[in-house]
Amino acid sequence: MFRKTHLALIVALGAGVVSIGAAATAESFSGGSGHQAYTAIKNAEGATIGTLKIDQERYGKSRVTVAVRGLTPGYHGFHIHTTGICDPKSTDPATGSPFFSAGGHFNLGTGGHGEHTGDLPALLVGADGTGNASVVTDRFRIGQLLDKDGSAVIVHGLPDNLANIPTRYTDANGKAGPDEATLKTGDAGGRIGCGVITGR
C-alpha cells in the first residue's frame, strides 16, 4: 500500500515539474517580459500606409515587424530616426522632404550609414503596393528608442544602398566612393511615411 502511494506521489510530482518546465520554456521564448513598441505609419497627407511593431526578444535582441500598403513597387529605405516627432509640415531645407522633424538616423555609435543603430534592411514592396518584413536586430532595445525625445520610423521613397559605393566609382566631382549625402542616408530619397514609436 505504501509503495503504490509513494509511486503515485512521485508520478504526480514529476508531472508537475514537467508542466512547470514547459511553462518556463514557453515564457522564455515568448520574451516573458512582454515589452513591445508600436506605431502607425502615416504619409504627409495623414493617411495610414502601414504599421510597425517591435517585440523585445531574448539575448538583447529586438524583432521589428513592418507592413505597408499603397506604395510604389520596389525597394524602399526603412530606418529608425532619432526624434519622435512626425510633422509633415517640417520640411528638409535642402530637399523639401516632409517629416524633417524626425531628425537623422537613430545612432548610439559613431559609424556612418550602414552602421547606424537605426539602419534596417530595405523594404521590398510588391506590384500590388504592399510589403511585409520581419527582422531581428541586436543594435537596439526598445527602452533605448523610448528615450527623452523618443524616436520614429521613416519609410523612404527610393531604395537604400547602405552607402555601399566602392571606391572604384566616382561622383560628378571625381571623388571616389560614397559622397556626404550617401554616407548620411544611402540615397534613399524623400521621406514618404513616418510613425512615432510608443511603448505598450
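Helices and strands here are DSSP runs, with at least four residues for a helix and at least two for a strand, numbered from the N terminus. On that footing, the predicted model reads α-β-β-β-β-β-β-β-α-β-α-β-β from the N terminus on. That comes to 3 helices and 10 strands in the chain. As for packing, 32% of the 200 residues count as buried.

One buried residue deserves a closer look. Asp 119 sits in the loop that links strand S5 (78–81) to strand S6 (123–125). Although buried, Asp 119 makes no salt bridge. Its nearest side chain of opposite charge belongs to Arg 139, 4.6 Å away, while the salt-bridge cut-off is 4 Å. What the Asp 119 side chain does reach is backbone: the nitrogen of His 116 at 3.0 Å, and the nitrogen of Glu 115 at 3.5 Å.

Then there is the largest pocket, which holds about 480 Å³ of space. Its lining is made up of 20 residues, and by class these split into 12 polar, 5 charged and 3 nonpolar. Nearest the centre of the pocket lie Asp 92, Thr 95, Lys 184, Thr 185 and Arg 191. Helix H3, spanning residues 180–185, gives the most to this lining, with 4 residues.

Definitions and conventions:
Residues are numbered from 1 along each chain as its sequence is written. This is a predicted model: local features need pLDDT of at least 70, side-chain atom pairs count only at pLDDT 80 or more; totals for chains, interfaces and linings use all residues. Side-chain values use heavy atoms; hydrogens and water are left out. On a 1 Å grid over the protein atoms alone, a cavity is a set of points where a 1.4 Å probe fits but cannot get out, and a pocket is an open set with protein on both sides within 12 Å along at least five of seven lines; lining residues have an atom within 4 Å of a point. Grid points are joined across faces, edges and corners, and a volume is the space filled by probe spheres set on the points. Ala, Val, Leu, Ile, Met, Phe, Trp, Tyr, Cys and Pro count as nonpolar, Asp, Glu, Lys and Arg as charged, and the others, Gly among them, as polar. Buried means under 20% relative accessible area, exposed over 50%, partly exposed in between (1.4 Å probe, protein chains only). Lys and Arg count as positive and Asp and Glu as negative; His and the chain ends are not counted. A polar contact is a pair of N or O atoms within 3.5 Å; within protein, one must be able to donate a hydrogen and the other to accept it, and residues adjacent in sequence count only if both atoms are side-chain atoms.
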